[in-house]
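Me: Please take a close look at one part of this model for me. I would like the parallel strands and the helices that link them, then how that part sits in the rest of the chain.

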Amino acid sequence: MKKLKYLIIIFLMMIISVHAKEAVVLDISGEINEATIMNVRSSLKEGAENNKDVVIKIFSKGGSAKASFEIANLILNSNVSTVAYCEGPIEAESTVIALSCDKIYLNQNAAIGNINRNIKDSSKNLSEYLERIEKEKGISKDALEMLKKPVDKNTSKAIPEILMTSNKALDYGITDGTVKDFKNLLELEDILEVEDYKEPQEIKLLNFISNRYVSTLILTLAIVSMIIEIFSPGFGLFGTLSILLFIVFFVCNIIITDSSVYVALIFMLGIALILIETVIPGFGIFGIMGIILSIVGVILAMGSFERGLVPTASAMIAGIFASNIMIKRGMKSEFLQKISLNDSLTSTRGYLSVDRPDVSVGDVGYTLTPLKPTGFILVEGAKIEAISEDGMIEHGEKIVVSKVDGSKVIVRR
């Protein structure tokens with residue numbers, strides 16, 4: 001009897017081991033960008049090499065539409081079994097990724113939808129993608145259309161009305177189930193062992209630097225360092241620091257957003273035009289074009305107007321502030337001095353806009369006309385226009401020169 005009991009236990013364990021699965025867990029909680037593509041590709045490769053499922057935990061507000069479609073194609077073209085778990089409300093690019101997985105589970109407090117928030121409904125990528133999802137995943141066209149518009153009034157304040165609740169998504173056949181938590185999902189999918197995907201250090205660094213707040217700080221420091229270098233003699237620490245910060249900013253953001261290297265050249269041209277404008281009287285076309293090109297360069301490097309606006313504005317404000325401080329401290333730029341007119345048109349060099357009266361403070365004379373308070377005086381035989389600091393002075397009164405300011409002669413009784 002004991003032997004039979006052991007045989008039954010062994011048999012049951014064999015059945016469980018056959019059905020039990022292992023999985024690699026990838027967390028997509030940040031901005032969807034080029035780094036996300038790298039992580040998805042690596043996790044799918046890890047799953048394929050080790051015969052493991054890939055569970056993608058999605059809790060992202062979106063990001064690059066281009067990146068989301070590339071990720072969707074990676075998942076759809078993979079032979080690895082994929083499961084999407086959405087812990088909170090997802091929309092747009094996050095929805096595109098979730099729909100690409102073999103199975104979708106929503107937390108009971110989650111929601112899905114608004115697929116064309118950042119993706120135009122007429123987009124060729126979106127239309128081709130939805131056709132593929134309909135064909136390969138068996139989700140009806142009507143159900144997919146429901147992801148583009150409000151379904152009903154949601155009662156939960158945490159779920160926007162434009163999103164479809166977890167229960168509604170299950171009813172329409174968009175998801176495969178509603179779960180209480182991640183552990184519940186693992187039980188339903190018979191996954192006994194999970195291994196968190198370890199993001200490579202270089203991708204972590206790229207994501208950190210391309211973060212909009214870190215990028216804002218880097219760009220601001222680069223501009224301020226450039227301003228300090230312009231007002232410093234020779235080329236030194238701040239110039240080197242400025243160049244390095246610009247390189248870090250543009251290289252990391254161009255990789256993350258998959259932008260062209262030409263955006264850095266556009267920015268550099270903008271900076272050059274602004275520098276040219278600083279040595280031209282007034283403010284004209286070079287300054288305007290320089291500002292526009294600098295802004296365009298940063299925005300293109302960061303992938304969108306929304307992400308690029310704050311770094312650009314912060315850097316420009318900091319640059320203006322730094323310039324004012326340097327000027328107030330009496331700092332002079334050797335670069336600006338070389339290309340600017342610095343000669344003073346003084347009387348000692350023979351330049352006079354008007355004739356200077358030949359009188360000195362303390363000289364005594366008489367009024368030729370009443371000073372009301374302006375009139376004429378006579379000092380050592382010379383007729384001079386003067387201003388009274390005592391108000392009205394009658395004709396013929398004695399006066400004393402109290403101040404000479406250029407062509408102005410101030411007198412008193």
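Reply: One term comes first. A crossover is right-handed if, with the strands pointing away from the viewer, the path from the first strand over the helix to the second runs clockwise. Keep in mind that this is a predicted model.

Start with strand S1, residues 21-28, and strand S2, residues 53-58. S1 and S2 run parallel, joined by six bridges. Leu26 marks the register: this residue stands opposite Ile56 in S2. Helix H2, residues 34-49, belongs to the link, and S1, H2 and S2 together make a right-handed β-α-β unit.

Now go on from S2. Strand S3, residues 82-86, also runs parallel to S2, with five bridges between them. Here the register can be read from Val55, which stands opposite Val83 in S3. The chain crosses from S2 to S3 through H3, and this β-α-β crossover is right-handed too. S2 therefore pairs with S1 and with S3, and in a regular strand the side chains alternate between the two faces of the sheet. S2 is mostly covered, with five of its six residues buried.

Helix H3 leads into the packing. The largest nonpolar core has 43 residues, and Ile75, Leu99, Tyr129 and Ile174 touch the most other members. H3, residues 65-76, gives the most to this core: six residues.

Look at Tyr129 in detail. Leaving out residues up to four places away in sequence, Tyr129 touches Phe69, Ala72 and Leu76. On the same terms, Tyr129 also touches Thr95, Val96, Ile97, Leu99 and Ser100, as well as Ile115.

Several of those names lead to helix H4. H4 covers residues 93-100, and eight of its eight residues are buried, so the helix is largely enclosed by the rest of the structure. Buried here means under 20% relative accessible area. The buried set includes polar names: Glu93, Ser94, Thr95 and Ser100. Val96, Ile97, Ala98 and Leu99 are buried in H4 as well.

Next, the wider chain. The protein chain has 15 helices and 14 strands. Of its 413 residues, 41% are buried. Among contacts with a separation of 6 or more, 63% are between residues 24 or more positions apart. The chain exposes about 23700 Å², and carbon and sulfur atoms supply 59% of that area.

Further along, there is an antiparallel set. Strand S10, residues 364-367, and strand S11, residues 374-379, run antiparallel and are joined by two bridges. Thr367 stands opposite Ile377 in S11. A hairpin of six residues joins S10 to S11. S11 then pairs with strand S12, residues 382-388, in the antiparallel sense over six bridges. In that pair, Thr374 stands opposite Ile387 in S12. S11 and S12 form a hairpin with two residues between them, and Glu380 in the turn has a positive phi of about 50 degrees.

Last, confidence. The mean pLDDT of the chain is 75, and 76% of its residues reach 70 or more. Residues 333-345 have pLDDT below 50, and beyond near neighbours in sequence this stretch has 16 contacts in the model. Residues 347-354 are also below 50, with seven such contacts.

Definitions and conventions. Residues numbered from 1 in each chain as written. Predicted model: local features only at pLDDT ≥ 70, side-chain atom pairs only at ≥ 80, totals over all residues. Heavy atoms only, no water. Core = buried A, V, L, I, M, F, W, Y, C linked by side-chain atoms within 4.5 Å. Buried < 20%, exposed > 50% of the residue type's maximum accessible area, 1.4 Å probe, protein only. Helix = DSSP H or I, 4+ residues; strand = E, 2+ residues; numbered from the N terminus. Contact = heavy atoms within 4.5 Å. Pairing = 2+ DSSP bridges. Areas by Shrake-Rupley, 256 points an atom, 1.4 Å probe, with all protein chains shown as cover. pLDDT = per-residue confidence, 0-100.
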